[in-house]
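Work through these exercises on charged side-chain pairs. Try each task before you read its solution.

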Amino acid sequence: MDRKKIAKIFGGFLAVMLMFTIVSRAVSGAAMARVETVRMATGTIKHEVTGNGRVEAGREVAVYTETGQRVKEICVQEGDAVKRGDVLFTLDMDKLNEQIAETQQEMEKIKLQSEDVQNAKALEQQNQQTAKQRAQEDYNQAVSQGDATVTEAKRAWDEAEQALQNFINSSADAGEGSEGDASGDAAERETQKAALEQAAAEAKAAYDAAVSSRIDNIRTAARALEDAAMAKSTPDSTAKQNDITRQQQELALNKLIALKDAGGEVKATVDGIVTQVVVTTGDLTSDGAAVRLADTSEGGRLTVSVDKSYLEYLAIGSPVDLQPVGSKNVISDYTISSVTKNAQDDNLMDVTIDLPKGVIETGTFVDATIAPKSENYTTVIPLQALRGSQNEYYVLILEEEQGVMGSELVVKRLDVEVVDKDSTSAALQEGLLTGEQEIISNSSRMIQEGSKVRRMESR
C-alpha cells in the first residue's frame, strides 16, 4: 500500500474521531446542568419591620369630680371630639346641696370637739398648777414644822440635862455639909438622880426622833414638789387631728360650693376626644376618673404592635416610614420613641412614634415601616445563593478543571458562616470567599459537589 493511500486512511480516521469527539461533547454538554453565578459584594442588610396602628392623642387626661354625687345626665359618648369647657355630664343638685349641708354640719361638730379639747386642756393645766402650789406649801410646812419640833425637842432635852446637872451639883453640896446623913437620905437621892437621868435620856431620844422625822417629812414633801413640777399634760393629738380634719372638710366644702356655682356641670379641661366614660346616669360618682380624654392640643402618638421576634431590630431612634391609609404620601422624618411589652399579649411588642401637632390627624390609621440602620458588610451574596440551614450553611462555587475532553467546570462546596441576612441578601463572615470566585445562584437542575456544569447562556 502506497503512502498516499495510508495518509488518506489516517486522515479519514482522524476526521471520524473528531466527529465523535464533537458529538460526545455535544451530548455531554446537553446533559450538563446550566448555572448562573454571582460574585460577592459589599452592602448592607435591611431588616424591615412593618405594622399598622391608629394615631392617638399624645397624652390622656382624666376628668374627676367630687365623690358621692348622683349623675343626672351624660352629655358625651366615647369618640366624641370636645373643646375645653364643653359639658361632659351634669350632677343632681338636690344631692349636691345635701352633701354641702352635711359637710357644714361635720365642720361644726369638729369645731365643738376642738373647743371641748381646749377646755379640758386648760382645766388640766390649772389642776397641775394647783397641785404644784400645794406641793410647795406642803414642803414649806414640812420644813417649818420640822424645825419647830426639832427646836422644841432640843429645848426639852437641854432642860432635862440641866435639871440632872443641877441635881448632881446640889447633891454634892449637901454631902459636904452633913457627912453623917442617914443612909435613907442617900437612897432617896439616888432614886431622884435615876429619874432625872431617865428623863434626860427620853428627851434625847425625842430629839433624835424629831430630827429623823424632820428629814423624812422634808424628803417626802420635796419629792412631791419635784413630781408636781415635772408633771406635764397628757399627750393628746385630738386637737391637731381635728384641725387637719377641719382643713380637709373646708377644702371639700369649697369644691362642692364651686360645683354648685357651676350648676352641677362637669366640663372638659382640654380639647380632646372622649376615650372613656366611666360614670353612669343615676349612679354615684367615685374616687376614680369620671371621664378620660385624649388630649389633642399637643400632638399625637402612633403605637404599632409587632411580633417580639423582631425585638433585636427595634431600637429607640431607628427611622420609621409612615403612610396614612388611603394616601400615597410617605412621611420619613420620625423615629421610634419607645419599645415596650404589649399589655395583652406577651408575644407582641408595642413600638411608639411621637408626632408633633398637625402631622397626622388623630384617629387616622397608618402603615409603619421600621428600617433600622445596618452595618456595612464586605461579603454579601444574594439569599438564593446561600444553601443549607441554620446549623450548617454553604455555597456552591465553580472551579475549572482539565478533563479528557479539555477544560471543564466542576461544582465545589464551600462551608460559610452567616453573620446576618434579610429577605434578599446574606452577609457572610469575612475571609471565606474571594472576589474572584463564582458562586452559583441558580441552576437548571439539581447539582451537588463534583457535578460538571456549564454556564447558562445570557439572553
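**Exercise 1.** Find how the side chains of Arg-155 and Glu-159 meet, and place both in the fold.

Solution.
- Step 1: Arg-155 and Glu-159 form a salt bridge, 2.3 Å from N to O. The term means a side-chain nitrogen of Lys or Arg within 4 Å of a carboxyl oxygen of Asp or Glu.
- Step 2: Both sit in helix 2 (residues 93-177), four residues apart, about one turn of the helix. Helices (H or I, at least four residues) and strands (E, at least two) are DSSP runs, numbered from the N terminus.
- Step 3: Arg-155 is partly exposed at 37% relative accessible area, and Glu-159 is partly exposed at 44%. Buried is under 20%, exposed over 50%, partly exposed in between (1.4 Å probe, protein chains only).

The model is predicted: local features need pLDDT of at least 70, side-chain atom pairs count only at pLDDT 80 or more, and totals for chains, interfaces and linings use all residues. Residues are numbered from 1 along each chain as its sequence is written, and side-chain values use heavy atoms, leaving out hydrogens and water.

**Exercise 2.** Locate the salt bridge partner of Lys-412 and the strands involved.

Solution.
- Step 1: The partner is Glu-401, with the closest N and O atoms 3.4 Å apart.
- Step 2: Lys-412 lies in strand 18 (residues 406-416) and Glu-401 in strand 17 (residues 393-403), so the pair ties together parts eleven residues apart in sequence.
- Step 3: Lys-412 is partly exposed at 24%; Glu-401 is partly exposed at 32%.

**Exercise 3.** State how many salt bridges the whole structure holds.

Solution.
- A search of the whole structure finds 15.
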